[in-house]
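Here is a short report on one pocket and one helix of a predicted model. The sequence and structure come first.

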Amino acid sequence: GEMLGKMLKQDLLDHINTIRKVKNDLNVHTMEELLEAKEAHSCNSFLWVKRNFQFKLLVAMRVIQDLQKPVEKQSLPQCFRESYKQTLGKLQSFIQRRMTSIAFNFLPKRSEDFVTAYL
C-alpha cells in the first residue's frame, strides 16, 4: 500500500511542478491565464492532475460503499483495480499499468484494514 501511495503522490507532484514551472516561465498568475496561453505541457499536466483526483475519488467511493455492505464485500485491491481501469489505466503506458497492477497486490485485502492503517 505504501509503495502505491508513493507512486501516486509522486505522479501528482510531478504534474503540479510542471504547472508551476510553466506558470513561472510564462509569468502568469491565474489558472485562466495559464490555460489561455495553451502551453501544451501545462494543459497536459492539468489533465493528469484531474485524472489523478478522479481515481482517488472513485477509490474512496468504492471503499465507503464496501464498508457499508453487510456481506459480499469487495477486496480492497479490487476497489483500486476497478477505479484504475475507469480512470488512469486507460491512459497510462503498458509499463505504468504493469507497475500499478503489481502495487495493487501489496494492498491490505480488506477495506477495514486500509481505513484503519491509512486514515
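## Contacts of Thr100

Thr100 touches Leu4, Met7, Tyr84 and Gln92, once neighbours within four places in sequence are set aside. Thr100 sits in helix H5. Its relative accessible area is 6%. The cut-off for buried is under 20%, so Thr100 counts as buried.

## The second largest pocket

Thr100 also belongs to the lining of the second largest pocket. Met7, Tyr84 and Gln92 are on that lining too, and each of these three is in contact with Thr100. The remaining lining residues are Leu8, Asp11, Asn52, Leu88, Gln96 and Met99. The pocket holds about 180 Å³ of space.

Which helices each supply at least two residues of this lining? They are helix H1 (2–26) and helix H5 (94–104). By residue class, the lining has five nonpolar, four polar and one charged.

## The two faces of H5

Thr100 is one of the buried residues of H5, along with Ala103 and Phe104. These residues span an arc of only 100 degrees around the axis, so they fall on the same side of H5. An α-helix has 3.6 residues a turn, so residues three or four places apart point the same way.

What does the face turned away from the buried side of H5 carry? Phe94 and Ile95 are there, and they are exposed.

Technical notes: Residues numbered from 1 in each chain as written. Predicted model: local features only at pLDDT ≥ 70, side-chain atom pairs only at ≥ 80, totals over all residues. Heavy atoms only, no water. 1 Å grid on protein atoms, 1.4 Å probe; cavity = no way out; pocket = protein on both sides within 12 Å on 5 of 7 lines; lining within 4 Å. Points joined across faces, edges and corners; volume = space filled by probe spheres on them. Helix = DSSP H or I, 4+ residues; strand = E, 2+ residues; numbered from the N terminus. Nonpolar A, V, L, I, M, F, W, Y, C, P; charged D, E, K, R; others polar. Buried < 20%, exposed > 50% of the residue type's maximum accessible area, 1.4 Å probe, protein only. Contact = heavy atoms within 4.5 Å. Arc of directions from axis to C-beta.
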